[in-house]
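Colleague: Could you walk me through the aromatic rings in this one? I'd like to hear the reasoning behind the labels.

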Amino acid sequence: MNSNKSNQPLKGLRILDLCEGKGDSCGRYLADLGAEVMLIEPGQGSPARRAAPLVKGHSLYFATHAANKKSVVLDIAQEGDRTTFYALAQQTDILIHSCSETALQWLNEITPLVESEESHLITLAISDFGDSGPYAGYAGSNAVHMAMAGITARSGLKDREPLLPPGQLCYEAAAIQAAWVALVAYWQSAHTHRSGNIDFSVFEASCQILDPALGVTGSAAGGQSATKLAPRGRPPEGKMYPFFPCADGFVRICVLNPRQWQAMSAWLGDDHPYTDPAYANMAKRFKHMREINLLIEALFAKENSTDLVAEGQRRGVPIAAVATPQQVLQDHHFTARGAFTEIDLAAGLQGKAPSGYLKINGQRAGIRQPAPVLNEHQPNFSTDRLALRSASPAQSTRRPLEGIRVLDLGVIVAGAELGRLFADQGAEVIKVENKAYPDGLRQSLQNSPITESFAQGSRGKKSLGLNLRSEKGKQIFKELVAKSDVVLSNFKPGTMDSLGFGYTELKAINPRIIVSESSALGGSGPMSNSMGYGPLVRASSGLTGLWRYPEDECGFGDALTIFPDHLAARVSAVAILALLIEREKTGVGGTVSLSQAETILMTLSTELLSESLQEGWLAPSGNRGRFDAPSNLFSCEGDDEWCVIDIEGDEQWLQLCSAMGRQDLAEDQRLKVASGRLAMRDYVEQELSNWTLERTPQQIVETLQAAGIAAAAMARINELPDNPHLKARDFFRINMQPGLDAPLLTENGPAGRSYLPEPEIRPAPFVAEHTRELMRDILQLDETTIESLIESGDLEVMVS
């Protein structure tokens, strides 16, 4: 697809990167898309070069997060280097930094440039909690954000301790939202000729991307909001998406709708007690789920996972193997898609890592160059500047994506969220739908005209009732394509082509059109037709297998999560906007193709690279941090009350000992360095547990944060609306949604504090609410023609 077109739409965009180990994936993703990203490093190199894990002195984190970037060493103490930095900043479009002391010194050097009315420089500060609000001075970590964003409380199994997910999901996901904000700001600057500072908070982004309290929930939630699905404590073992042991591991299935149950029932044979068609009803079937699962367990027990997956696919039963990291690295589907690439770390040292998030114009937008050697490059930009500027500036209060029209065929979480991101920024987003094939988010247990989940995912959109299977309906869609900018879909691969809406056909109608497709395992490869449910995607990508209690081979802890849907939507959004930016120069659109599984692989880039070099390194580790101790969840005073304590380095260890009043621990020579603390972590954690059990989470957090220690209380998702930091930073908005009993609390924009306009919060549409309006305004159809198309069933309108 489009193999003659570039997969680097941001070529010529100039970025200075001073993140120094936090938010590094933001610059990496923009570099993957073609931006020239220049790391500004001190003489000893960025702290990211020393970030664990290390193999033969080489940071695997730096290898995966600095690929495609350039390295320039500048010394803030040298006048000549300060002059060089100022000159670079004058040529830069976006400066990304993590609010480190060094980064703030560099920013101080260019204050006149940043504050100049003629400046086009966008500065994006990525920090744990932002520079305002009651938690602005808090120390953060991935585990801290997991706890505070309400994720930890829902992770794990009933009557057991909470279970942190593997990897650094909060930082990885937040960095992609930061990339979205950076490009939205760049687009806005191009049209208004105004730039400024953006104060971006990892905590706020974590609340929006990783199982958000106010976001879209999956179709199995029956339209309910996340806050109503979050009872105190963890959920019971996978009832909706159960696991079954087999001869060589585990498989996971998602049998929800009647068709899927009929296929599963036939697989069980014709002599089991649940053959009655009435069991196609999910509510009736769930009353007997324990007995049904025992039958499935017996059927699967002696089969290997590969055969079970093949048979499930043949029968139409959604199923996936719970893959190990080594199985993921060797997976034939990922290999066929080029999802992994070899990375040269040093002479004779080569590993394997995920290559990139997605494909642009049919080509992987991924690693082209390895992470740079320190000071490898000259302090100048080498490419022609993209220089996207409108001839005359628009009002600075305009919504950034005003004038962009999006045809949104997306469904469920990932589909809804992608369209909403564009609607929030001012695009006209038209949800194309048909009552015969309702979006799962519209379905509710009470058959309500609208659901909270749909309202969260489709606020600000318009609804067009259109029959895409009739000839006239198809013609109407093509006429809309001729007058639109973007088409979004997340159907099973091949669906758009079967409808006659493949990119080749749509490009012939409108060469400027940008088409984005998203699916579970991507649009190509031997497993591309796998059914796209998040639990199966997590299983196939290795996330589920790592997200379990280490001592329990079947203790998987991702029962409630809908990850990676919200993240995948943002990955696609960044790529689409990159193509819109390129289109301003070329006049030609392009394609975006995303695999949700590969989105997960990219969040585990460092860990998978380490596993490729040290087989067995990547295994379930529970709540324990790998690189220092204490770094864990600890029980506190109260019922099911927990806190995160996460130290990093010998100095923080001494600060912790002082805060606890334990001079004896501070003087223990065996605990002076991280290796000693890790060797004695059982002892260290027990001593700390004795201290936390006598205190409330809030007392612990106040004491330790005052000492500079990353610590957080485990928050419940229904507590977030009262979070003082979120309230102080205007995280919440109100959506006056018709069809709901009360105003709906919803989230604000993605940028934290910035000069960008906030989203205009408009209600989500009822089914086919805007059909007549859209046909009149866009296609200029008269009333007689519209009514005729409605009568023939080619168009649908809202039933009052």
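Modeller: Sure, let's go through some ring pairs and the charges over rings. Keep in mind that this is a predicted model, and that it holds 15 aromatic pairs.

Colleague: Why is the pair of Trp-267 and Phe-300 called tilted?

Modeller: Their ring centres are 5.1 Å apart, with 50° between the planes. Stacked needs under 30 degrees and edge-to-face needs over 60, so an angle that fits neither counts as tilted.

Colleague: What makes this pair tie together parts that are 33 residues apart in sequence?

Modeller: Trp-267 lies in helix α9 (residues 258-268) and Phe-300 in helix α11 (residues 289-300), so the pair links those parts.

Colleague: Why does Trp-267 count as buried?

Modeller: Buried means under 20% relative accessible area. Trp-267 has 11% relative accessibility, so it counts as buried. Phe-300 is at 0%, so it counts as buried too.

Colleague: What makes the pair of Tyr-274 and Tyr-279 edge-to-face?

Modeller: The planes of Tyr-274 and Tyr-279 are 90° apart, and the centres are 5.2 Å apart. The cut-offs are within 6.5 Å for a pair and over 60 degrees for edge-to-face, so the label fits. Both tyrosines, Tyr-274 and Tyr-279, are buried.

Colleague: Which residue lies over the face of Tyr-279?

Modeller: That's Lys-284, at 4.9 Å from the ring centre. Likewise, Arg-442 has its charged end over the ring of Phe-454, 3.7 Å from the centre. The distance limit is within 6 Å.

Colleague: Which residues form one aromatic cluster?

Modeller: Phe-129, Tyr-135, Tyr-138 and Phe-203 do.

Methods: Residues are numbered from 1 along each chain as its sequence is written. This is a predicted model: local features need pLDDT of at least 70, side-chain atom pairs count only at pLDDT 80 or more; totals for chains, interfaces and linings use all residues. Side-chain values use heavy atoms; hydrogens and water are left out. Rings of Phe, Tyr and Trp (its six-membered ring) pair if their centres lie within 6.5 Å; planes under 30 degrees apart count as stacked, over 60 as edge-to-face and the rest as tilted. Helices (H or I, at least four residues) and strands (E, at least two) are DSSP runs, numbered from the N terminus. Buried means under 20% relative accessible area, exposed over 50%, partly exposed in between (1.4 Å probe, protein chains only). A charge sits over a ring if NZ of Lys or CZ of Arg is within 6 Å of the ring centre and within 35 degrees of the ring normal.
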